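Here are some exercises to work through with the model open beside you. Try each task before you read its solution.

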Amino acid sequence: MGPRWKGKGAEVRAQADPMSEIVSRLKSSLIESNAHGSLSGCSVLLAVEADQSDLLNRACFGRPVVTVEKDKQWFQLSMEEAFYLCYTLKCLDIHGGNNCRKTYEELWKYMTDKKTTFPQFFKAYSHLRTKNWVVRSGLQYGVEFVAYRHHPSLVHSEYAVLVLTEGDGGENGRLRVWSDVHCTVRLCGSVAKAVLVLYIKCGHGNASPSCVTLYSVEERVIARWSPKDCREDHSIAVNGN
């Protein structure tokens, strides 16, 4: 479908400040401040200064949490966002309830215990993020994620993302029947989004985060076939008429 920019000049502003550079500045800032978040159920809470708050918003990581504190801004990160900052970018430490830093393996176990599909979802999230897509929750559209070309204030999301495991027999269980395919494509089409299915091939287990590097991702875009696109061009004159 292509990008749908929001207003005049949005594309120019996005090109002038690429998402990769914003994320790079965020990474540097978090490393310099020795930033750390705290586990809180199925999310991670992070307190930051004003400049980091701006970078988190511009890089689209987490959501602001309203508090009475004036000197710090709190953000709530999803498990995929937090583990991406911690494990992939290595710019964030995460502490547990005893305020001790969690190792990658401890975090991995915690998050997979909280969400059995976490390994596949994290692989899908990191797959898109490393390609500089902005990835947000797709819950309101009945999908796992939505992907933006740049910040949501500048452009509408382009893809509604479903995450499936090769030979999926269980946890996610999407697109098994035609009615599910039809409903998903129609719903996403009605809000001008293409359905992007990420098939995660994970034949190496999920015992540790290092397994993710061995996962592979196959991308497929599902589109609704429209009969009118295949009709003959009736503007061509027919011989003898």
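**Exercise 1. Strand β1 and its partners**

Which residue is the bridge partner of Gly37 in β5?

Solution. A word on the model first: it is predicted, local features need pLDDT of at least 70, side-chain atom pairs count only at pLDDT 80 or more, and totals for chains, interfaces and linings use all residues. Residues are numbered from 1 along each chain as its sequence is written, and side-chain values use heavy atoms, with hydrogens and water left out.

Step 1. Find the elements. Helices (H or I, at least four residues) and strands (E, at least two) are DSSP runs, numbered from the N terminus. The protein chain has 7 helices and 10 strands.

Step 2. Find the pairing. Two strands pair if DSSP finds at least two bridges between them. Strand β1 (residues 36-40) and strand β5 (residues 93-95) run parallel and are joined by 3 bridges.

Step 3. Read off the partner: Gly37 is bridged to Ile94 in β5.

Step 4. Look at the other neighbour. Strand β2 (residues 43-48) runs antiparallel to β1, with 4 bridges between them, and Leu39 stands opposite Val44 in β2. The two strands form a hairpin with 2 residues between them, and Gly41 in the turn has a positive phi of about 65°.

**Exercise 2. The open sheet**

Work out the strand order of the open sheet of 5 strands, then trace its pairings.

Solution. Step 1. The order is β6-β7-β8-β9-β10, and the pairing is mixed. The edge strands, each pairing on one side only, are β6 (134-137) and β10 (216-222). Neighbouring strands are turned by 30° against each other on average, direction ignored; such angles are taken between axes, which are lines fitted to C-alpha atoms (for helices over the stretch in contact), and run from 0 to 180 degrees between N-to-C directions.

Step 2. Start at β6. Antiparallel β6 and β7 share 4 bridges, and Val135 stands opposite Ala147 in β7.

Step 3. Move on to strand β8 (residues 159-165), which pairs with β7 in the antiparallel sense over 3 bridges. Here Val146 has Ala160 in β8 as its bridge partner.

Step 4. Finish at β10. Strand β9 (residues 194-201) runs antiparallel to β10, and 7 bridges join the two. Val195 is partnered by Ile222 in β10.

Step 5. Inspect the faces of a strand. In a regular strand the side chains alternate between the two faces of the sheet. In strand β7 (residues 145-148), Phe145 and Ala147 lie on one side and Val146 and Tyr148 on the other, and all are buried. Buried means under 20% relative accessible area, exposed over 50%, and partly exposed in between (1.4 Å probe, protein chains only).

**Exercise 3. Aromatic rings**

Why does the pair Phe61 and Tyr84 count as stacked?

Solution. Step 1. Set the rule: rings of Phe, Tyr and Trp (its six-membered ring) pair if their centres lie within 6.5 Å, and planes under 30 degrees apart count as stacked, over 60 as edge-to-face and the rest as tilted. This rule gives 12 aromatic pairs.

Step 2. Apply the rule. The ring centres of Phe61 and Tyr84 are 6.2 Å apart and the planes are at 20°, so the pair is stacked.

Step 3. Place the residues. Phe61 is in the loop between α3 (50-59) and β3 (63-65), while Tyr84 is in helix α4 (residues 79-88), so the pair ties together parts that are 23 residues apart in sequence.

Step 4. Check burial. Phe61 counts as buried at 0% relative accessibility, and Tyr84 counts as buried at 4%.

Step 5. Look for a charge over a ring, meaning NZ of Lys or CZ of Arg within 6 Å of the ring centre and within 35 degrees of the ring normal. Arg129 lies over the face of Phe61, at 4.0 Å from the ring centre.

**Exercise 4. Confidence**

Which element has the lowest mean pLDDT, and which the highest?

Solution. Step 1. pLDDT is the predictor's confidence in each residue, from 0 to 100. The protein chain averages 87, and 86% of the residues score at least 70.

Step 2. Among the elements, helix α7 (residues 178-190) has the lowest mean, 72, and α4 the highest, 98.
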